[in-house]
Amino acid sequence: MSKRRTLDSFFQPLRKKQQLSPENGTAQRNGILNNHRVSGLSQDSIRPEEAKILEDGSEGVGLQDARELSSHTTYPFPIPYLPSNIQSMLGFAPAAEPSVIKDQPDLDLLYFQPYIPKEIARDLFEFLRQELFFYRVKYMIKRGGVETLINTPRFTTVFGVDETSRFTADGSLVDSSTGRPVPKDRYRCKPRPIPQCLNELRKLTEGSTNTTYNFCLVNYYASGSDSISYHSDDERFLGSNPSIASFSLGAKRDFLMKHKPPTERPGAPGMSTATSTLSSETAGQPLKFPLASGDMILMRGPTQATWLHSIPKRKGRESDRGRINITFRKAMVRGGTENYYTYNVGMSANADENGGRTGEKGEVYRWDGRREEMVQWLPPEIKSEN
Ligand SMILES: O=C(O)CCC(=O)C(=O)O
Ligand SMILES: [Fe+2]
(Lines give C-alpha, C1' and ligand atoms only; values in the text may rest on other atoms or scores of the structure.)
(Ligands and ions follow the chains in the order given, each with its own letter.)
Protein backbone atom coordinates (compact mmCIF):
# COMPACT_ATOMS: atom_id res chain seq x y z
CA MET A 1 0.00 0.00 0.00
CA SER A 2 1.20 3.52 -0.67
CA LYS A 3 2.16 5.92 2.11
CA ARG A 4 -0.79 7.95 3.38
CA ARG A 5 -0.72 11.52 4.58
CA THR A 6 -3.21 12.53 7.22
CA LEU A 7 -5.90 15.15 6.62
CA ASP A 8 -4.40 17.30 9.39
CA SER A 9 -1.06 17.46 7.65
CA PHE A 10 -2.78 18.36 4.39
CA PHE A 11 -4.36 21.46 5.87
CA GLN A 12 -1.06 22.65 7.43
CA PRO A 13 0.69 25.25 5.26
CA LEU A 14 3.10 23.50 2.92
CA ARG A 15 6.74 23.68 3.83
CA LYS A 16 9.29 24.51 1.10
CA LYS A 17 10.44 20.91 0.90
CA GLN A 18 6.89 19.63 0.40
CA GLN A 19 6.25 22.17 -2.30
CA LEU A 20 9.15 20.81 -4.27
CA SER A 21 8.36 17.15 -3.96
CA PRO A 22 7.11 15.23 -7.02
CA GLU A 23 4.00 14.30 -5.07
CA ASN A 24 3.04 17.95 -5.11
CA GLY A 25 3.13 18.47 -8.80
CA THR A 26 6.72 18.79 -9.96
CA ALA A 27 7.05 18.03 -13.65
CA GLN A 28 7.23 14.33 -14.41
CA ARG A 29 8.69 14.05 -17.88
CA ASN A 30 7.32 10.61 -18.62
CA GLY A 31 8.25 10.54 -22.22
CA ILE A 32 6.35 13.65 -23.18
CA LEU A 33 7.95 15.72 -25.89
CA ASN A 34 7.19 19.20 -24.66
CA ASN A 35 6.29 20.01 -21.12
CA HIS A 36 5.45 23.64 -21.57
CA ARG A 37 4.80 25.95 -18.73
CA VAL A 38 1.73 27.95 -19.52
CA SER A 39 0.57 31.05 -17.77
CA GLY A 40 -2.84 32.53 -17.24
CA LEU A 41 -4.92 34.27 -14.62
CA SER A 42 -7.10 31.40 -13.60
CA GLN A 43 -6.14 27.79 -14.01
CA ASP A 44 -9.72 26.80 -14.55
CA SER A 45 -10.57 29.36 -17.16
CA ILE A 46 -7.71 29.17 -19.62
CA ARG A 47 -7.82 26.82 -22.52
CA PRO A 48 -4.36 25.56 -23.50
CA GLU A 49 -4.65 26.95 -27.00
CA GLU A 50 -5.41 30.42 -25.64
CA ALA A 51 -2.72 30.36 -23.00
CA LYS A 52 0.68 31.88 -23.49
CA ILE A 53 3.40 29.25 -23.71
CA LEU A 54 6.76 30.21 -22.35
CA GLU A 55 9.02 28.34 -24.72
CA ASP A 56 11.99 28.23 -22.36
CA GLY A 57 9.86 26.48 -19.76
CA SER A 58 10.42 29.22 -17.21
CA GLU A 59 7.79 30.81 -15.03
CA GLY A 60 7.00 34.34 -16.10
CA VAL A 61 7.63 37.01 -13.46
CA GLY A 62 4.42 37.84 -11.62
CA LEU A 63 2.40 35.24 -13.49
CA GLN A 64 0.19 33.05 -11.36
CA ASP A 65 -1.26 29.60 -11.79
CA ALA A 66 1.39 28.52 -14.25
CA ARG A 67 0.10 25.49 -16.14
CA GLU A 68 2.13 22.71 -17.67
CA LEU A 69 1.12 20.61 -20.63
CA SER A 70 1.81 17.08 -21.77
CA SER A 71 2.42 17.27 -25.52
CA HIS A 72 3.41 14.66 -28.05
CA THR A 73 3.48 14.42 -31.82
CA THR A 74 0.76 11.75 -31.64
CA TYR A 75 -1.65 13.88 -29.57
CA PRO A 76 -4.26 15.95 -31.45
CA PHE A 77 -3.78 18.64 -28.78
CA PRO A 78 -1.75 18.99 -25.56
CA ILE A 79 -3.18 17.75 -22.25
CA PRO A 80 -2.72 19.93 -19.13
CA TYR A 81 -1.10 18.57 -16.00
CA LEU A 82 -3.40 17.88 -13.08
CA PRO A 83 -4.58 21.06 -11.37
CA SER A 84 -2.78 21.54 -8.05
CA ASN A 85 -5.85 20.88 -5.86
CA ILE A 86 -6.36 17.46 -7.47
CA GLN A 87 -2.65 16.67 -7.41
CA SER A 88 -2.35 17.41 -3.70
CA MET A 89 -5.48 15.54 -2.66
CA LEU A 90 -4.35 12.49 -4.63
CA GLY A 91 -1.74 12.20 -1.90
CA PHE A 92 -4.58 10.80 0.27
CA ALA A 93 -5.42 8.02 -2.17
CA PRO A 94 -6.42 5.31 -1.70
CA ALA A 95 -9.11 6.97 0.39
CA ALA A 96 -10.40 3.65 1.79
CA GLU A 97 -9.02 0.23 2.58
CA PRO A 98 -10.07 -2.25 -0.09
CA SER A 99 -12.48 -5.15 0.47
CA VAL A 100 -11.23 -8.49 -0.79
CA ILE A 101 -13.92 -10.30 -2.80
CA LYS A 102 -13.16 -13.97 -3.20
CA ASP A 103 -16.47 -15.49 -2.23
CA GLN A 104 -17.21 -16.94 -5.68
CA PRO A 105 -15.22 -19.62 -7.48
CA ASP A 106 -12.22 -18.25 -9.40
CA LEU A 107 -13.10 -14.67 -8.49
CA ASP A 108 -10.44 -12.43 -6.99
CA LEU A 109 -11.24 -8.72 -6.65
CA LEU A 110 -10.01 -5.82 -4.56
CA TYR A 111 -12.74 -3.21 -4.21
CA PHE A 112 -11.79 0.32 -3.10
CA GLN A 113 -14.88 2.34 -2.09
CA PRO A 114 -13.55 4.84 -2.90
CA TYR A 115 -9.97 5.00 -4.08
CA ILE A 116 -10.05 8.65 -5.19
CA PRO A 117 -10.86 11.00 -2.29
CA LYS A 118 -14.49 12.19 -2.49
CA GLU A 119 -13.30 15.82 -2.30
CA ILE A 120 -11.73 15.65 -5.77
CA ALA A 121 -13.61 12.90 -7.61
CA ARG A 122 -15.96 15.39 -9.31
CA ASP A 123 -13.11 17.75 -10.27
CA LEU A 124 -11.03 14.90 -11.65
CA PHE A 125 -13.99 13.66 -13.68
CA GLU A 126 -14.62 17.12 -15.13
CA PHE A 127 -10.94 17.74 -15.77
CA LEU A 128 -10.47 14.49 -17.71
CA ARG A 129 -13.73 14.85 -19.66
CA GLN A 130 -12.67 18.36 -20.65
CA GLU A 131 -9.03 17.76 -21.45
CA LEU A 132 -8.76 14.33 -23.09
CA PHE A 133 -9.39 13.55 -26.74
CA PHE A 134 -11.76 10.70 -27.50
CA TYR A 135 -12.78 8.51 -30.44
CA ARG A 136 -15.92 6.70 -31.48
CA VAL A 137 -14.37 3.66 -33.13
CA LYS A 138 -16.05 1.69 -35.90
CA TYR A 139 -14.72 -1.61 -37.17
CA MET A 140 -15.76 -4.56 -39.28
CA ILE A 141 -16.03 -8.10 -38.00
CA LYS A 142 -17.27 -11.31 -39.57
CA ARG A 143 -20.42 -12.51 -37.81
CA GLY A 144 -21.67 -15.86 -39.02
CA GLY A 145 -19.69 -15.36 -42.21
CA VAL A 146 -21.20 -11.90 -42.83
CA GLU A 147 -19.12 -8.70 -42.69
CA THR A 148 -20.71 -6.55 -40.00
CA LEU A 149 -19.92 -2.95 -39.02
CA ILE A 150 -19.53 -2.50 -35.28
CA ASN A 151 -20.09 0.97 -33.82
CA THR A 152 -18.37 0.97 -30.41
CA PRO A 153 -21.15 2.20 -28.09
CA ARG A 154 -18.97 4.58 -26.02
CA PHE A 155 -16.12 7.06 -26.44
CA THR A 156 -12.63 5.63 -26.02
CA THR A 157 -8.99 6.68 -25.93
CA VAL A 158 -5.73 4.92 -25.06
CA PHE A 159 -2.14 5.65 -24.04
CA GLY A 160 0.87 3.42 -23.52
CA VAL A 161 3.14 0.87 -25.15
CA ASP A 162 3.88 -2.80 -24.43
CA GLU A 163 6.94 -4.06 -22.54
CA THR A 164 9.11 -4.43 -25.66
CA SER A 165 9.35 -0.63 -26.07
CA ARG A 166 9.45 2.47 -23.90
CA PHE A 167 9.30 6.23 -24.30
CA THR A 168 12.39 8.34 -23.61
CA ALA A 169 12.22 11.71 -21.85
CA ASP A 170 11.96 13.51 -25.18
CA GLY A 171 9.01 11.37 -26.27
CA SER A 172 10.72 9.07 -28.72
CA LEU A 173 10.08 5.35 -28.73
CA VAL A 174 13.02 3.03 -28.06
CA ASP A 175 13.52 -0.69 -27.70
CA SER A 176 13.30 -1.63 -24.00
CA SER A 177 16.37 -3.81 -24.00
CA THR A 178 18.75 -1.97 -26.36
CA GLY A 179 17.57 1.63 -25.85
CA ARG A 180 17.79 2.06 -29.66
CA PRO A 181 14.98 3.63 -31.70
CA VAL A 182 12.30 1.04 -32.50
CA PRO A 183 12.35 -0.18 -36.10
CA LYS A 184 9.74 1.63 -38.21
CA ASP A 185 7.84 -1.58 -38.90
CA ARG A 186 7.45 -2.64 -35.26
CA TYR A 187 4.03 -0.98 -35.01
CA ARG A 188 1.41 -0.14 -37.60
CA CYS A 189 -0.12 2.25 -35.06
CA LYS A 190 1.60 5.20 -33.37
CA PRO A 191 1.90 4.55 -29.63
CA ARG A 192 1.20 7.53 -27.36
CA PRO A 193 2.89 8.21 -24.02
CA ILE A 194 0.67 8.34 -20.93
CA PRO A 195 0.07 12.03 -20.11
CA GLN A 196 1.06 13.35 -16.69
CA CYS A 197 -2.56 13.58 -15.49
CA LEU A 198 -3.10 9.83 -15.95
CA ASN A 199 0.45 8.85 -15.14
CA GLU A 200 0.08 10.23 -11.60
CA LEU A 201 -2.86 7.86 -11.10
CA ARG A 202 -0.92 5.01 -12.69
CA LYS A 203 1.94 5.44 -10.22
CA LEU A 204 -0.42 5.52 -7.25
CA THR A 205 -2.19 2.42 -8.54
CA GLU A 206 1.10 0.58 -8.93
CA GLY A 207 1.89 1.37 -5.28
CA SER A 208 -1.49 0.14 -4.05
CA THR A 209 -1.65 -3.02 -6.13
CA ASN A 210 1.95 -4.18 -6.21
CA THR A 211 1.82 -4.45 -10.01
CA THR A 212 3.26 -2.38 -12.85
CA TYR A 213 1.17 -1.08 -15.75
CA ASN A 214 2.15 0.22 -19.19
CA PHE A 215 -1.29 0.93 -20.66
CA CYS A 216 -4.08 3.28 -19.76
CA LEU A 217 -7.45 2.84 -21.52
CA VAL A 218 -10.21 5.39 -21.00
CA ASN A 219 -13.93 4.94 -21.72
CA TYR A 220 -16.50 7.72 -21.61
CA TYR A 221 -20.13 6.63 -21.32
CA ALA A 222 -22.03 9.77 -22.32
CA SER A 223 -25.45 8.40 -21.39
CA GLY A 224 -27.30 5.24 -20.45
CA SER A 225 -27.24 4.20 -24.12
CA ASP A 226 -23.46 3.84 -23.95
CA SER A 227 -22.25 0.49 -22.70
CA ILE A 228 -19.72 -2.32 -22.91
CA SER A 229 -21.02 -5.80 -23.50
CA TYR A 230 -19.96 -8.92 -21.61
CA HIS A 231 -16.31 -9.71 -22.27
CA SER A 232 -13.14 -10.63 -20.44
CA ASP A 233 -9.78 -8.96 -20.78
CA ASP A 234 -7.99 -12.25 -21.19
CA GLU A 235 -5.94 -11.65 -24.34
CA ARG A 236 -2.70 -13.59 -24.56
CA PHE A 237 -0.67 -10.38 -24.77
CA LEU A 238 -1.57 -9.64 -21.13
CA GLY A 239 0.04 -12.88 -19.93
CA SER A 240 -1.68 -15.26 -17.52
CA ASN A 241 -3.69 -14.00 -14.55
CA PRO A 242 -3.36 -10.29 -15.43
CA SER A 243 -4.19 -7.62 -12.85
CA ILE A 244 -6.41 -4.89 -14.26
CA ALA A 245 -7.20 -1.81 -12.20
CA SER A 246 -10.48 -0.17 -13.17
CA PHE A 247 -11.51 3.32 -11.94
CA SER A 248 -14.96 4.92 -12.06
CA LEU A 249 -15.62 8.66 -12.14
CA GLY A 250 -18.89 10.51 -12.60
CA ALA A 251 -22.27 8.82 -12.90
CA LYS A 252 -22.98 5.65 -10.96
CA ARG A 253 -23.26 2.65 -13.31
CA ASP A 254 -23.77 -1.04 -12.64
CA PHE A 255 -20.79 -3.29 -13.28
CA LEU A 256 -22.02 -6.83 -13.86
CA MET A 257 -19.98 -10.00 -13.59
CA LYS A 258 -20.90 -13.54 -14.55
CA HIS A 259 -18.94 -16.77 -14.67
CA LYS A 260 -17.95 -17.97 -18.14
CA PRO A 261 -20.00 -20.94 -19.26
CA PRO A 262 -18.08 -24.22 -18.91
CA THR A 263 -17.86 -24.72 -22.70
CA GLU A 264 -15.85 -21.51 -23.11
CA ARG A 265 -12.95 -22.81 -21.14
CA PRO A 266 -12.54 -26.50 -21.83
CA GLY A 267 -10.09 -28.27 -19.58
CA ALA A 268 -9.78 -25.36 -17.17
CA PRO A 269 -8.49 -26.69 -13.84
CA GLY A 270 -11.02 -27.00 -11.06
CA MET A 271 -13.89 -26.11 -13.35
CA SER A 272 -16.33 -28.79 -12.27
CA THR A 273 -16.12 -27.89 -8.59
CA ALA A 274 -16.15 -24.20 -9.47
CA THR A 275 -19.38 -24.32 -11.43
CA SER A 276 -21.10 -26.60 -8.95
CA THR A 277 -20.51 -24.19 -6.07
CA LEU A 278 -21.64 -20.98 -7.75
CA SER A 279 -24.35 -19.40 -5.62
CA SER A 280 -26.56 -16.48 -6.67
CA GLU A 281 -24.61 -16.17 -9.88
CA THR A 282 -25.53 -19.66 -11.13
CA ALA A 283 -29.19 -18.90 -10.51
CA GLY A 284 -28.95 -16.60 -13.52
CA GLN A 285 -28.24 -13.50 -11.47
CA PRO A 286 -24.94 -11.83 -12.31
CA LEU A 287 -22.95 -10.18 -9.54
CA LYS A 288 -23.75 -6.47 -9.49
CA PHE A 289 -21.41 -3.71 -8.33
CA PRO A 290 -23.04 -0.25 -8.50
CA LEU A 291 -19.77 1.58 -9.10
CA ALA A 292 -19.70 5.11 -7.69
CA SER A 293 -17.45 8.04 -8.55
CA GLY A 294 -13.96 7.46 -7.20
CA ASP A 295 -14.33 3.67 -6.79
CA MET A 296 -11.70 1.28 -8.09
CA ILE A 297 -11.98 -2.45 -8.73
CA LEU A 298 -8.82 -4.47 -9.18
CA MET A 299 -9.53 -7.68 -11.11
CA ARG A 300 -6.75 -10.18 -10.52
CA GLY A 301 -5.72 -13.82 -10.37
CA PRO A 302 -8.02 -16.13 -12.39
CA THR A 303 -10.79 -13.49 -12.73
CA GLN A 304 -10.23 -12.68 -16.41
CA ALA A 305 -9.80 -16.33 -17.36
CA THR A 306 -13.07 -17.39 -15.78
CA TRP A 307 -15.40 -14.38 -15.48
CA LEU A 308 -17.04 -11.95 -17.90
CA HIS A 309 -17.85 -8.32 -17.05
CA SER A 310 -20.04 -5.62 -18.59
CA ILE A 311 -21.58 -2.17 -18.15
CA PRO A 312 -25.12 -2.65 -19.47
CA LYS A 313 -27.25 0.07 -21.02
CA ARG A 314 -29.48 1.83 -18.52
CA LYS A 315 -32.46 4.18 -18.56
CA GLY A 316 -32.72 7.11 -16.16
CA ARG A 317 -31.13 10.44 -15.51
CA GLU A 318 -28.16 9.29 -13.43
CA SER A 319 -26.41 7.67 -16.42
CA ASP A 320 -26.91 10.83 -18.51
CA ARG A 321 -24.48 12.69 -16.22
CA GLY A 322 -21.72 10.75 -18.02
CA ARG A 323 -19.19 8.30 -16.61
CA ILE A 324 -15.46 7.90 -17.16
CA ASN A 325 -13.76 4.55 -16.72
CA ILE A 326 -9.97 4.30 -16.59
CA THR A 327 -8.19 0.96 -16.70
CA PHE A 328 -4.50 0.28 -16.15
CA ARG A 329 -3.08 -2.88 -17.67
CA LYS A 330 0.25 -4.38 -18.67
CA ALA A 331 0.72 -5.64 -22.24
CA MET A 332 3.74 -7.87 -22.64
CA VAL A 333 4.16 -7.92 -26.42
CA ARG A 334 3.52 -5.67 -29.40
CA GLY A 335 0.27 -7.41 -30.35
CA GLY A 336 -1.21 -5.71 -27.29
CA THR A 337 -0.20 -2.29 -28.57
CA GLU A 338 -1.72 -2.96 -32.00
CA ASN A 339 -4.92 -4.28 -30.48
CA TYR A 340 -5.45 -1.42 -28.02
CA TYR A 341 -4.86 1.34 -30.59
CA THR A 342 -6.95 -0.42 -33.22
CA TYR A 343 -10.01 -0.70 -30.98
CA ASN A 344 -9.67 2.46 -28.87
CA VAL A 345 -8.29 5.04 -31.33
CA GLY A 346 -8.99 3.25 -34.57
CA MET A 347 -7.00 5.63 -36.74
CA SER A 348 -4.53 3.04 -37.90
CA ALA A 349 -7.07 1.90 -40.53
CA ASN A 350 -5.14 -1.30 -40.96
CA ALA A 351 -6.42 -4.75 -41.65
CA ASP A 352 -6.76 -6.53 -38.32
CA GLU A 353 -6.03 -10.19 -37.64
CA ASN A 354 -9.41 -11.22 -39.04
CA GLY A 355 -9.00 -9.18 -42.17
CA GLY A 356 -11.47 -6.56 -40.92
CA ARG A 357 -10.86 -2.86 -41.39
CA THR A 358 -10.84 -0.42 -38.52
CA GLY A 359 -10.84 3.23 -37.87
CA GLU A 360 -12.94 4.83 -40.57
CA LYS A 361 -11.73 8.42 -40.52
CA GLY A 362 -10.55 8.49 -36.92
CA GLU A 363 -12.49 11.63 -35.95
CA VAL A 364 -11.38 13.22 -32.70
CA TYR A 365 -14.00 14.21 -30.13
CA ARG A 366 -13.69 16.68 -27.32
CA TRP A 367 -16.08 17.80 -24.58
CA ASP A 368 -17.91 21.06 -25.31
CA GLY A 369 -18.84 22.57 -21.94
CA ARG A 370 -21.34 24.99 -23.47
CA ARG A 371 -23.23 22.34 -25.40
CA GLU A 372 -22.60 19.78 -22.65
CA GLU A 373 -21.72 17.05 -25.11
CA MET A 374 -18.79 15.56 -26.98
CA VAL A 375 -18.35 17.32 -30.31
CA GLN A 376 -16.05 16.58 -33.20
CA TRP A 377 -12.75 18.41 -32.73
CA LEU A 378 -10.98 19.82 -35.77
CA PRO A 379 -7.39 21.04 -35.88
CA PRO A 380 -7.21 24.90 -35.93
CA GLU A 381 -6.07 25.06 -39.60
CA ILE A 382 -9.08 23.03 -40.76
CA LYS A 383 -11.46 24.99 -38.54
CA SER A 384 -10.47 28.37 -40.03
CA GLU A 385 -11.07 27.17 -43.58
CA ASN A 386 -14.76 26.46 -42.90
O1 LIG B 1 -16.37 0.80 -17.71
C2 LIG B 1 -16.06 -0.16 -17.02
O3 LIG B 1 -16.18 -0.16 -15.80
C4 LIG B 1 -15.50 -1.43 -17.66
C5 LIG B 1 -14.63 -1.18 -18.85
C6 LIG B 1 -14.05 -2.44 -19.38
O7 LIG B 1 -14.40 -3.50 -19.00
C8 LIG B 1 -12.98 -2.39 -20.40
O9 LIG B 1 -12.63 -1.31 -20.87
O10 LIG B 1 -12.44 -3.47 -20.73
FE1 LIG C 1 -13.02 -5.05 -19.54
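**Exercise 1. Decide whether Arg-323 is buried or exposed, and place it in its surroundings.**

Solution. Begin with the count: Arg-323 has 26 C-beta neighbours inside 10 Å, and a residue is called buried if 20 or more other C-beta atoms lie within 10 Å of its own, exposed if 12 or fewer, and partly exposed in between, with C-beta atoms placed from the backbone. Arg-323 therefore counts as buried. The structure is a predicted model, in which local features need pLDDT of at least 70 and side-chain atom pairs count only at pLDDT 80 or more, whereas totals for chains, interfaces and linings use all residues. Residues are numbered from 1 along each chain as its sequence is written, while chains are lettered from A and ligands numbered from 1 in the order in which they are written.

Next, locate the residue: Arg-323 belongs to strand E19 (residues 323-329), where strands (E, at least two residues) and helices (H or I, at least four) are DSSP runs numbered from the N terminus. Finally, list its contacts, meaning pairs whose C-beta atoms, placed from the backbone, lie within 7 Å; leaving aside neighbours within four places in sequence, Arg-323 is in contact with Tyr-221, Ser-248, Leu-249, Gly-250, Ala-251 and Arg-253.

**Exercise 2. Describe the setting of Arg-329 in the same three steps.**

Solution. Arg-329 also has its place in strand E19. Because 24 C-beta neighbours lie inside 10 Å, Arg-329 counts as buried. Not counting residues up to four places away in sequence, Arg-329 touches Tyr-213, Phe-215, Leu-217, Asp-233, Leu-238, Pro-242 and Ile-244. Both arginines appear in the UniProt annotation "binding site" (unreviewed entry), which covers Asn-219, Tyr-221, His-231, His-309, Arg-323, Thr-327 and Arg-329; such annotations, given in the numbering used here with shortened feature names, may be inferred rather than shown by experiment.

**Exercise 3. State which residues surround ligand 1, and sort the shell by element and by class.**

Solution. The shell consists of Leu-217, Asn-219, Ile-228, Asp-233, Ser-246, Phe-255, His-309, Ile-311, Asn-325 and Thr-327, a residue being near a molecule if its C-beta atom, placed from the backbone, lies within 6 Å of it. Two or more residues are given to this shell by each of strand E12 (215-221), strand E18 (307-311) and E19. By class, the shell has four nonpolar, five polar and one charged residues, where Ala, Val, Leu, Ile, Met, Phe, Trp, Tyr, Cys and Pro count as nonpolar, Asp, Glu, Lys and Arg as charged, and the others, Gly among them, as polar.

**Exercise 4. Characterise Asp-234, which UniProt lists for "binding site" in an unreviewed entry.**

Solution. Asp-234 lies in the loop between strand E13 (228-231) and strand E14 (244-250). It is partly exposed, with 19 other C-beta atoms within 10 Å. Leaving aside its neighbours within four places in sequence, Asp-234 is in contact with Gln-304 and Ala-305.

**Exercise 5. Determine which residues cover the two faces of strand E17 and how this strand is paired.**

Solution. In a regular strand the side chains alternate between the two faces of the sheet. In E17 (residues 296-299), Met-296 and Leu-298 lie on one side and Ile-297 and Met-299 on the other, and all are buried. Turning to pairing, which requires that DSSP find at least two bridges between two strands, four bridges join E17 to the antiparallel strand E6 (residues 109-112), with Met-299 as the bridge partner of Leu-109. E14 and E17 likewise pair in the antiparallel sense over four bridges, and here Phe-247 stands opposite Met-296.

Note on methods. Contact = placed C-beta atoms within 7 Å.
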